[in-house]
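Dear colleague,

Please find the structure below. I would be grateful if you would look through it before reading the notes that come after it.

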Amino acid sequence: MYKESTNVVVKHLVNRLRDVRTTSNEFRLTIEEISRILASEALNDFPTITQNINTWQGPLDVEVIEVQKLVLIPILRAGEPMLTGILRTLPYAKSGFLAMKRDEETSLSKLFYENIPNLEDKTVILLDPMVATGGSLIDGIEYLKSKNAKKIITLNIIGSPFGVKKVTEAHPDIDMFIAQIDERLDENNYIRPGLGDAGDRAFNTH
């Protein structure tokens with residue numbers, strides 16, 4: 001299942017990312033903002049637990065997200081600002097990391113680093129801003145399934161129709177929440193109109 005956001009604020013922020021005048025710092029902060037909104041949509045029906053807190057009127061039983069059942073995993077490096085944004089809302093959620101790189105000639109992804117906690121009985125939120133061909137996201141999902149994740153949700157900023165279709169066909173059991181599906185892939189497998197290389201723009205590299 002995939003769901004493209006219809007939130008007008010999300011669309012506004014995506015267009016801020018597209019603007020070449022957006023600085024590296026502003027680019028990262030905008031990704032953080034979008035990620036928090038997507039996370040709130042993705043976790044709308046997530047199980048809660050009762051917790052007793054102290055309020056200005058004394059003790060009170062309240063419902064809170066069971067963050068111990070969540071693991072946030074960005075695909076580095078472009079997914080790092082997404083993790084930073086969500087951790088501002090869910091600071092006690094566990095994190096893991098996958099580092100993957102696309103071969104520019106074959107467009108295939110390669111995993112070269114991972115640091116993943118125990119995923120038994122956990123819901124994993126996989127963070128990958130760009131879904132072009134879908135290759136790195138598909139590989140990331142397959143890897144997390146091999147670690148026995150209970151459920152996998154992906155949060156994505158922008159994608160192509162081709163990439164989204166490939167991911168949902170390869171893994172129909174995952175839930176994908178994406179801010180914007182663009183028009184197409186070009187002959188070099190770049191998203192059009194897209195927003196450039198998210199990693200380079202977020203960290204001011206080339």
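The notes below concern one strand and the core around it.

This is a predicted model, in which local features need pLDDT of at least 70 and side-chain atom pairs count only at pLDDT 80 or more, while totals for chains, interfaces and linings use all residues. Residues are numbered from 1 along each chain as its sequence is written, and side-chain values use heavy atoms, with hydrogens and water left out.

Strand β8 covers residues 123-127; strands (E, at least two residues) and helices (H or I, at least four) are DSSP runs numbered from the N terminus. Five of the five residues of β8 are buried, that is, under 20% relative accessible area with a 1.4 Å probe, protein chains only. Thr123, Ile125 and Leu127 point one way, and Val124 and Leu126 the other.

β8 pairs in the parallel sense with β4 (residues 70-76) over five bridges and with β10 (residues 151-159), also over five bridges; pairing requires at least two DSSP bridges. Leu126 stands opposite Ile73, and Ile125 has Ile153 in β10 as its bridge partner.

Ile125 is in contact (heavy atoms within 4.5 Å) with residues including Leu43, Leu70 and Leu155, leaving aside neighbours within four places in sequence.

The largest nonpolar core (buried Ala, Val, Leu, Ile, Met, Phe, Trp, Tyr and Cys residues joined through side-chain atoms within 4.5 Å) has 36 residues, and Ile34, Ile125, Leu155 and Ile157 have the most contacts inside it. Its largest share, seven residues, comes from α2.

With kind regards

Methods:
Buried means under 20% relative accessible area, exposed over 50%, partly exposed in between (1.4 Å probe, protein chains only).
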